[in-house]
Amino acid sequence: MANDKALIVIDMQNDYLWDKRKPMFCYNTQELVKSVNSAVSHYKENGYDIIYIAQMFPNIITNKWFIGFSIKGTEGAEFYSGLDVVSDLYFEKNLPDTYSSKAFREHMQKQGYKEVVLCGLDECGCVGATAKGAVKTGVKVFMLENCIGRRFPEDKVRKMREKLNSLGVQYIKHSI
């Protein structure tokens, strides 16, 4: 029988986590990577599929100039070296909501997942947008509160949490 639960690890890439990142990506890399790796191990042991997502922009000059991160084919777009990658379930997206990726959406439908647990980057960016996308598909959505990076002010984080809670998303903590 196919597994109906998945941990989705979002955008744990060099451009957001390594020493050469742009100043706006002010995550505590060591703490976040340790938390996410702990969650990966825990959820894998408990029979969840582990799915990795990467933000990927086409490698064209305008994206290099105006975006400057997550450019396909660059070292910065690769997964952070400290991230534990334990499955080949891997999808790329170029919009914040992972469900905007056709290949990902088709995989999720084919597998018939009933529950998704989200972690990675960023609560007010791609993780929050993916939670909204997941809700629309009818799956049960959990946010691993202490395994999600946030770079936005508390007020914006609070508004995102209120919005997600109103949609039925539940915040849970992973014991590390």
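1. The side chain of Asp 15 reaches the backbone nitrogen of Ser 70 at 2.7 Å, a polar contact (a pair of N or O atoms within 3.5 Å; within protein, one must be able to donate a hydrogen and the other to accept it, and residues adjacent in sequence count only if both atoms are side-chain atoms). Please keep in mind that this is a predicted model, where local features need pLDDT of at least 70, side-chain atom pairs count only at pLDDT 80 or more, and totals for chains, interfaces and linings use all residues. Residues are numbered from 1 along each chain as its sequence is written, and side-chain values use heavy atoms, with hydrogens and water left out.

2. Asp 15 is worth a second look: this residue of helix 1 is buried without a salt bridge, and Lys 20, the nearest side chain of opposite charge, is 8.0 Å away. Here buried means under 20% relative accessible area, exposed over 50%, and partly exposed in between (1.4 Å probe, protein chains only). A salt bridge is a side-chain nitrogen of Lys or Arg within 4 Å of a carboxyl oxygen of Asp or Glu. For opposite charge, Lys and Arg count as positive and Asp and Glu as negative, while His and the chain ends are not counted.

3. Tyr 16 also belongs to helix 1 (residues 14-17); helices (H or I, at least four residues) and strands (E, at least two) are DSSP runs, numbered from the N terminus. Tyr 16 counts as buried because its relative accessibility is 6%. Beyond residues up to four places away in sequence, Tyr 16 touches, among others, Phe 25, Phe 69, Ser 70 and Leu 121, contact being heavy atoms within 4.5 Å.

4. Now to the charged pairs: the structure holds 10 salt bridges. One of them joins the side chains of Arg 161 and Glu 123 (2.7 Å, N to O). Arg 161 lies in helix 6 (residues 154-166) and Glu 123 in the loop between strand 4 (115-121) and helix 5 (126-136), so this pair ties together parts that are 38 residues apart in sequence. Glu 123 counts as buried, at 0% relative accessibility.

5. Arg 161 has a salt bridge with Glu 145 too, with the closest N and O atoms 3.0 Å apart. Glu 145 sits in strand 5 (residues 140-149) and Arg 161 in helix 6, so parts 16 residues apart in sequence are tied together. Through shared partners, salt bridges join Glu 123, Glu 145, Arg 150, Arg 161 and Lys 173 into one network.

6. Lys 102 and Glu 106 offer another example, their side chains meeting in a salt bridge (2.8 Å, N to O). Both lie in helix 4 (residues 102-111), 4 residues apart, about one turn of the helix.
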